[in-house]
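Here are my notes on the sheet, the pockets and the cavities in this one. Have the structure open while you read, and tell me where you'd push back.

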Amino acid sequence: MTTDDFDTAPALVFRGATVVTVDDAGVITGGDVLVIGDRIAAVGTGLAVPEGAIEIDGSGGILMPGMIDTHRHMWQANLRGFGADWTLSEYFTFYYLQWGPHFRPRDISAGNLLSGVESVDAGVTTTVDWSHGLRTVEHAEAAADALLAAGGRFVLACGNLLGGPWEWTNDPAFRAFVARRTGADTDMLALQLAFDVTGDPAFPERAAFEAARELGLRVTTHAGVWQATNDVGIRQMWDAGFMDPTVTYVHCSTLSDDSYRKIAASGGTASVATESEMNAGQGYPPTHLLRRYGIPVSLSQDTSVWWSGDMFSAMRATLNADRARCHLEAHAEGRTVTVNEARAEDVVRWATLGGARAIGRDADLGSIRPGKKADLVLVKNDRSPAMRPILHPYGHLVYQAGRGDVHTVLVNGRVVKHAHRLRGIDLGAVHDDVDRTVDFLRSTMGEQAWRDGMAPALPADERIDNPYTYSAVDGRDAK
């Protein structure tokens, strides 16, 4: 068998995997999943398959639904890791006030293609591109084309960090872009609107919400971000009747009880980006609250300019943060937590079916069930000592496995990665495009701004008084 056979075979079947269905069937040990066309045809054990079906050995691996990232600024992947030491304020300064306007359409394209390929490679079959670098329609076209070339399933959430959403959502050129793209293949590339509600008493965002309803597009918005978006925006949305199941609230870290209740009552969903919230300062990752209010949770990675671009990291960080908060609150009250409420199964569900619900596609994505789209990920690595034994499949996905263990990825029934190798992607060309963007941005910024952007000045280090003598080696220079 060659990988070319995947494109001509009448069917494909995974054999003998530990199948995590994220469905009523639960976990199937030694399970088979049959794929015909773009759909899951059957799930079980010892399945009969059509003649000529290609078999993929899933033994020793975990077959799971494709993961879904509901909030990633994909255009920023071309500066991967540049802002590793930033706070949110430094991020805003860099992109909103200084260098965001310098990104050309080709730079948006390079970042989106790199990030899209990275998503697929890591088993993220659907990614919401929270694309707030779209200053012109040319930028939007470049973003969309790059996503279509990446091999995955994407949602382009259109935004413009330099313009008011009440203006650009009603620009005839933008409306024409939406008409062109919604008339194309919206299964593999759908559209949303991405904008924030600032709390301006005039509520100018009303016009953007009205545009979303007129265009039939969902809305994703950063909500509950420390000193950026708050309860005022939620109240304005509620009073105007714009809170409904088509809205996803990103971060949700610093909201009041009343705001959480409004999100829950209106059927909204949350996108939690734990690595971001713990490092940038939006507020503490709120899953411990969202669980209690009954708000559906999805997970996201935010941006590779800071953090990792895979959902294994997101699941691990989220479960750690949820449990840490519960222990911390208990200790403050003199209590001991003897049973963890948040479970590994929860974060696996949030990374799959939770994401599907947040984009309005839980009917055909996010779980392994006959009739659903064949977006599947085989996590298997016979060369890794960490992939044996598999005793607790959910816990294994969260705490033992990683992006390097992604063996096979199907998107819409098409094999886009197999035996740890991407198919149909010239990764060298992708890297070359990104290198050109890096060279352009570095020369545009100048060496001093480049160095200052990557290494923000440290605040004064005020050491706590200690009556004991410091050792010669204590992390930083001894004083």
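**Notes on the empty space and the sheet**

1. Starting with the lining of the largest pocket: its residues split into 14 nonpolar, eleven polar and three charged. Keep in mind that this is a predicted model. The pocket itself has a volume of about 490 Å³. It is lined by 28 residues, and those closest to the centre are Phe92, Tyr96, Trp130, Asp196 and His222.

2. Which helix gives the most to that lining? It's α1, with four residues. Helix α1 covers 88-99, and both α1 and α4 (165-168) supply at least two residues of the lining of the largest pocket.

3. On to the second largest pocket, where the volume is about 200 Å³. Of its 17 lining residues, Val155, Ala190, Leu191, Arg218 and Ile359 are the closest to the centre. By class, this lining has seven nonpolar, five polar and five charged residues.

4. As for who builds that second largest pocket, β8 (153-158), α5 (172-182) and β9 (189-194) each put at least two residues into the lining. Strand β9 gives the most, with four.

5. Now the sheet. It is open, has eight strands with parallel pairing, and runs in the order β6-β7-β8-β9-β10-β11-β12-β13. The edges are β6 (67-72) and β13 (297-299), each of which pairs on one side only. From one strand to the next, the twist averages 25°.

6. Helix α12 (residues 344-358) is worth a look too, as it packs on the sheet. It touches β6, β10, β11 (247-251), β12 (269-272) and β13, and its direction makes about 105° with that of β13.

7. Zooming in on one pair inside the sheet: β9 and β10 (residues 218-223) run parallel and are joined over three bridges. If you want a single contact to check by eye, leucine 193 has valine 219 in β10 as its bridge partner.

8. How many cavities of 30 Å³ or more are there? The count comes to two. The largest cavity has a volume of about 60 Å³, and the second largest cavity has about 30 Å³.

9. What lines the largest cavity? The residues are Val197, Thr221, His222, Ala223, Gly224, Thr229, Asn230, Gly233, Ile234, Met237 and Tyr249. Strand β10 and helix α7 (231-240) each supply at least two of the lining residues. By class, there are five nonpolar, six polar and no charged residues in this lining. Note that His222 turns up here and also among the residues closest to the centre of the largest pocket.

10. The second largest cavity is lined by Thr70, Val128, Gln192, Thr220, Thr248, Ala358 and Ile359. That lining comes out as three nonpolar, four polar and no charged residues. Ile359 is a shared name as well: it is in this cavity lining and is one of the residues closest to the centre of the second largest pocket.

Definitions and conventions: Residues are numbered from 1 along each chain as its sequence is written. This is a predicted model: local features need pLDDT of at least 70, side-chain atom pairs count only at pLDDT 80 or more; totals for chains, interfaces and linings use all residues. Side-chain values use heavy atoms; hydrogens and water are left out. On a 1 Å grid over the protein atoms alone, a cavity is a set of points where a 1.4 Å probe fits but cannot get out, and a pocket is an open set with protein on both sides within 12 Å along at least five of seven lines; lining residues have an atom within 4 Å of a point. Grid points are joined across faces, edges and corners, and a volume is the space filled by probe spheres set on the points. Ala, Val, Leu, Ile, Met, Phe, Trp, Tyr, Cys and Pro count as nonpolar, Asp, Glu, Lys and Arg as charged, and the others, Gly among them, as polar. Two strands pair if DSSP finds at least two bridges between them. Axes are lines fitted to C-alpha atoms, for helices over the stretch in contact, and angles run from 0 to 180 degrees between N-to-C directions. Contact means heavy atoms within 4.5 Å.
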